[in-house]
Amino acid sequence: PRLAYIGLGSNLDDPEHQVRRALAELEALPLTRLEAGSPLYRSAPMGPQDQPPFINAVARLATQLSPLALLDQLQALEQRHRRVRRRHWGPRTLDLDLLLYEGCRARWPRLTLPHPGIAERNFVLVPLADIAPDERLGDTPVSGLARALGRDGLQRLASQ
Ligand SMILES: CC1(C)Nc2nc(N)[nH]c(=O)c2N=C1O
(Lines give C-alpha, C1' and ligand atoms only; values in the text may rest on other atoms or scores of the structure.)
Protein backbone atom coordinates (compact mmCIF):
# COMPACT_ATOMS: atom_id res chain seq x y z
CA PRO A 1 0.00 0.00 0.00
CA ARG A 2 0.99 3.64 -0.55
CA LEU A 3 0.17 6.64 1.60
CA ALA A 4 -2.21 9.24 0.19
CA TYR A 5 -3.46 12.44 1.83
CA ILE A 6 -7.00 13.67 1.12
CA GLY A 7 -8.34 17.18 1.75
CA LEU A 8 -12.02 17.25 2.78
CA GLY A 9 -14.21 20.35 2.62
CA SER A 10 -17.90 21.20 2.90
CA ASN A 11 -20.05 24.32 3.36
CA LEU A 12 -23.55 23.06 2.55
CA ASP A 13 -26.15 20.77 4.15
CA ASP A 14 -24.66 20.36 7.64
CA PRO A 15 -20.97 20.59 6.68
CA GLU A 16 -19.65 19.00 9.89
CA HIS A 17 -21.84 15.94 9.30
CA GLN A 18 -20.83 15.82 5.61
CA VAL A 19 -17.13 15.72 6.54
CA ARG A 20 -17.53 13.20 9.37
CA ARG A 21 -19.60 10.93 7.09
CA ALA A 22 -17.03 11.25 4.29
CA LEU A 23 -14.24 10.20 6.68
CA ALA A 24 -16.14 7.00 7.45
CA GLU A 25 -16.75 6.41 3.73
CA LEU A 26 -13.04 6.79 2.95
CA GLU A 27 -12.46 3.83 5.28
CA ALA A 28 -14.84 1.78 3.10
CA LEU A 29 -13.07 2.48 -0.23
CA PRO A 30 -11.77 -0.69 -1.94
CA LEU A 31 -8.16 -1.74 -1.24
CA THR A 32 -7.91 1.24 1.11
CA ARG A 33 -7.59 1.87 4.84
CA LEU A 34 -8.12 5.13 6.68
CA GLU A 35 -4.99 5.51 8.82
CA ALA A 36 -5.61 8.94 10.36
CA GLY A 37 -8.06 11.83 10.31
CA SER A 38 -7.16 15.36 11.41
CA PRO A 39 -9.35 17.45 13.68
CA LEU A 40 -12.07 19.41 11.87
CA TYR A 41 -11.63 23.15 11.30
CA ARG A 42 -14.12 25.92 10.53
CA SER A 43 -12.98 28.88 8.41
CA ALA A 44 -14.38 31.71 6.32
CA PRO A 45 -14.50 30.95 2.60
CA MET A 46 -11.38 31.80 0.67
CA GLY A 47 -12.50 33.45 -2.59
CA PRO A 48 -16.13 34.49 -2.94
CA GLN A 49 -17.30 35.56 0.54
CA ASP A 50 -21.05 35.36 -0.19
CA GLN A 51 -21.28 31.74 0.96
CA PRO A 52 -21.31 29.88 4.30
CA PRO A 53 -18.13 29.06 6.28
CA PHE A 54 -16.34 25.80 5.45
CA ILE A 55 -15.55 22.74 7.52
CA ASN A 56 -12.22 21.20 6.50
CA ALA A 57 -10.11 18.22 7.48
CA VAL A 58 -7.32 16.04 6.06
CA ALA A 59 -7.17 12.23 6.06
CA ARG A 60 -4.28 9.81 5.55
CA LEU A 61 -5.09 6.66 3.56
CA ALA A 62 -3.04 3.52 2.97
CA THR A 63 -4.17 2.35 -0.46
CA GLN A 64 -3.35 -0.11 -3.21
CA LEU A 65 -5.36 2.00 -5.69
CA SER A 66 -3.39 3.98 -8.28
CA PRO A 67 -3.66 7.78 -8.07
CA LEU A 68 -6.23 7.95 -10.89
CA ALA A 69 -8.22 4.98 -9.55
CA LEU A 70 -8.29 6.71 -6.16
CA LEU A 71 -9.36 9.97 -7.82
CA ASP A 72 -12.24 8.09 -9.51
CA GLN A 73 -13.35 6.79 -6.12
CA LEU A 74 -13.16 10.26 -4.55
CA GLN A 75 -15.23 11.79 -7.35
CA ALA A 76 -17.82 9.01 -6.99
CA LEU A 77 -17.99 9.79 -3.25
CA GLU A 78 -18.54 13.49 -3.99
CA GLN A 79 -21.43 12.56 -6.27
CA ARG A 80 -23.00 10.42 -3.54
CA HIS A 81 -23.01 13.56 -1.37
CA ARG A 82 -25.05 15.15 -4.15
CA ARG A 83 -22.30 17.54 -5.12
CA VAL A 84 -23.97 20.03 -7.48
CA ARG A 85 -21.40 22.35 -9.08
CA ARG A 86 -23.50 25.48 -9.69
CA ARG A 87 -20.73 28.07 -9.86
CA HIS A 88 -16.98 27.79 -9.80
CA TRP A 89 -15.72 28.26 -6.21
CA GLY A 90 -19.34 28.26 -5.05
CA PRO A 91 -20.79 26.36 -2.09
CA ARG A 92 -20.64 22.55 -2.15
CA THR A 93 -21.77 19.65 0.00
CA LEU A 94 -18.41 17.86 -0.28
CA ASP A 95 -14.99 18.48 -1.81
CA LEU A 96 -12.45 15.65 -1.79
CA ASP A 97 -8.99 16.64 -3.04
CA LEU A 98 -6.10 14.22 -3.54
CA LEU A 99 -3.32 16.31 -1.98
CA LEU A 100 -0.30 13.98 -1.87
CA TYR A 101 0.37 10.43 -3.11
CA GLU A 102 3.52 8.69 -1.90
CA GLY A 103 6.31 8.84 -4.46
CA CYS A 104 4.16 10.54 -7.10
CA ARG A 105 4.62 13.88 -8.81
CA ALA A 106 2.28 14.39 -11.79
CA ARG A 107 0.79 17.04 -14.02
CA TRP A 108 -1.97 15.12 -15.80
CA PRO A 109 -5.11 16.68 -17.29
CA ARG A 110 -7.22 15.33 -14.39
CA LEU A 111 -4.70 15.46 -11.59
CA THR A 112 -1.69 17.47 -10.42
CA LEU A 113 0.37 15.97 -7.55
CA PRO A 114 1.22 17.42 -5.14
CA HIS A 115 -2.07 19.42 -5.21
CA PRO A 116 -1.04 22.95 -6.27
CA GLY A 117 -2.96 24.85 -3.58
CA ILE A 118 -1.59 23.18 -0.43
CA ALA A 119 1.03 25.70 0.64
CA GLU A 120 -1.24 28.78 0.39
CA ARG A 121 -4.33 27.33 2.13
CA ASN A 122 -4.09 27.15 5.92
CA PHE A 123 -7.37 25.18 5.96
CA VAL A 124 -5.40 22.44 4.18
CA LEU A 125 -1.90 22.97 5.54
CA VAL A 126 -2.82 23.08 9.25
CA PRO A 127 -4.86 19.83 9.33
CA LEU A 128 -2.21 18.21 7.09
CA ALA A 129 0.47 19.21 9.60
CA ASP A 130 -1.70 17.76 12.40
CA ILE A 131 -1.34 14.25 10.89
CA ALA A 132 1.81 14.53 8.77
CA PRO A 133 4.16 17.08 10.32
CA ASP A 134 7.24 15.55 8.71
CA GLU A 135 5.91 15.28 5.14
CA ARG A 136 7.90 17.65 2.96
CA LEU A 137 6.59 20.00 0.25
CA GLY A 138 9.58 20.77 -1.91
CA ASP A 139 12.29 20.86 0.71
CA THR A 140 10.20 22.20 3.59
CA PRO A 141 8.46 20.14 6.25
CA VAL A 142 4.70 20.70 6.28
CA SER A 143 4.92 21.59 10.00
CA GLY A 144 7.18 24.54 9.18
CA LEU A 145 4.93 25.77 6.36
CA ALA A 146 1.87 25.54 8.62
CA ARG A 147 3.63 27.52 11.34
CA ALA A 148 4.67 30.20 8.83
CA LEU A 149 1.18 30.47 7.27
CA GLY A 150 -0.48 30.64 10.69
CA ARG A 151 -3.90 29.67 11.93
CA ASP A 152 -5.64 33.03 11.30
CA GLY A 153 -9.35 32.46 10.82
CA LEU A 154 -9.16 28.75 11.60
CA GLN A 155 -11.29 27.47 14.48
CA ARG A 156 -10.62 23.89 15.56
CA LEU A 157 -13.83 21.95 16.33
CA ALA A 158 -14.08 19.81 19.46
CA SER A 159 -13.42 16.24 18.39
CA GLN A 160 -16.02 13.73 19.53
C1 LIG B 1 -14.19 28.10 -2.65
C2 LIG B 1 -12.83 27.71 -2.09
C3 LIG B 1 -11.69 28.24 -2.96
N4 LIG B 1 -12.67 28.29 -0.78
C5 LIG B 1 -12.55 27.56 0.35
N6 LIG B 1 -12.45 28.18 1.56
C7 LIG B 1 -12.29 27.45 2.67
N8 LIG B 1 -12.19 28.07 3.86
N9 LIG B 1 -12.26 26.08 2.63
C10 LIG B 1 -12.36 25.41 1.46
O11 LIG B 1 -12.33 24.15 1.46
C12 LIG B 1 -12.51 26.14 0.26
N13 LIG B 1 -12.62 25.53 -0.95
C14 LIG B 1 -12.74 26.21 -2.07
O15 LIG B 1 -12.81 25.59 -3.23
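Two residues are in contact when heavy atoms of theirs lie within 4.5 Å. Keep that cut-off in hand; the model is predicted.

**Exercise 1. Describe the fold as a whole.**

Find what share of the protein's contacts between residues at least 6 apart in sequence joins residues at least 24 apart. Then list the secondary structure and judge the compactness.

*Solution.*
- Step 1. Take the contacts between residues at least 6 apart in sequence. Of these, 69% join residues at least 24 apart.
- Step 2. Count the elements. The protein has four helices and 10 strands.
- Step 3. Put them in order from the N terminus: β-α-β-β-β-α-β-β-β-α-β-β-α-β.
- Step 4. Compare with the globule rule. The radius of gyration is 15 Å, close to the 15 Å the rule gives for 160 residues, so the protein is as compact as a globular protein of that length.
- Step 5. Add the box. Along the principal axes, the C-alpha atoms fill roughly 40 × 35 × 35 Å.

**Exercise 2. Look at burial and surface.**

Work out how much of the protein is buried, and decide how helix 3 is placed.

*Solution.*
- Step 1. Use the cut-off: buried means under 20% relative accessible area.
- Step 2. Apply it to the whole protein. Buried residues are 48% of the 160.
- Step 3. Turn to the surface. The accessible area is about 8,300 Å², and carbon and sulfur atoms hold 50% of it.
- Step 4. Go to helix 3, residues 122-131. Nine of its 10 residues are buried, so the rest of the structure largely encloses this helix.
- Step 5. Name some of them. The buried residues of helix 3 include Asn-122, Phe-123, Pro-127 and Ile-131.

**Exercise 3. Compare Thr-63 and Leu-3.**

Is each one buried or partly exposed? Which residues does each one touch?

*Solution.*
- Step 1. Locate Thr-63. It sits in strand 4, residues 54-63.
- Step 2. Check its accessibility. The value is 0%, so Thr-63 counts as buried.
- Step 3. Find its polar partners. The side chains of Thr-63 and Thr-32 share a polar contact of 2.8 Å. The Thr-63 side chain also reaches the backbone nitrogen of Leu-65, at 2.9 Å.
- Step 4. List contacts beyond four places in sequence. Among those of Thr-63 are Pro-1, Arg-2, Leu-31 and Tyr-101.
- Step 5. Locate Leu-3. Its place is strand 1, residues 2-10.
- Step 6. Check its accessibility. At 26%, Leu-3 counts as partly exposed.
- Step 7. List its contacts beyond four places in sequence. They include Glu-35, Ala-62 and Tyr-101.
- Step 8. Set sequence against space. Leu-3 and Ala-62 are 59 residues apart in sequence, yet their C-alpha atoms are 4.7 Å apart.

Notes: Residues are numbered from 1 along each chain as its sequence is written. This is a predicted model: local features need pLDDT of at least 70, side-chain atom pairs count only at pLDDT 80 or more; totals for chains, interfaces and linings use all residues. Side-chain values use heavy atoms; hydrogens and water are left out. Helices (H or I, at least four residues) and strands (E, at least two) are DSSP runs, numbered from the N terminus. The radius of gyration is taken over C-alpha atoms; the globule rule is 2.2 Å times the number of residues to the power 0.38. Buried means under 20% relative accessible area, exposed over 50%, partly exposed in between (1.4 Å probe, protein chains only). Accessible areas come from the Shrake-Rupley method with a 1.4 Å probe; for residues, only the protein chains shown count as cover. A polar contact is a pair of N or O atoms within 3.5 Å; within protein, one must be able to donate a hydrogen and the other to accept it, and residues adjacent in sequence count only if both atoms are side-chain atoms.
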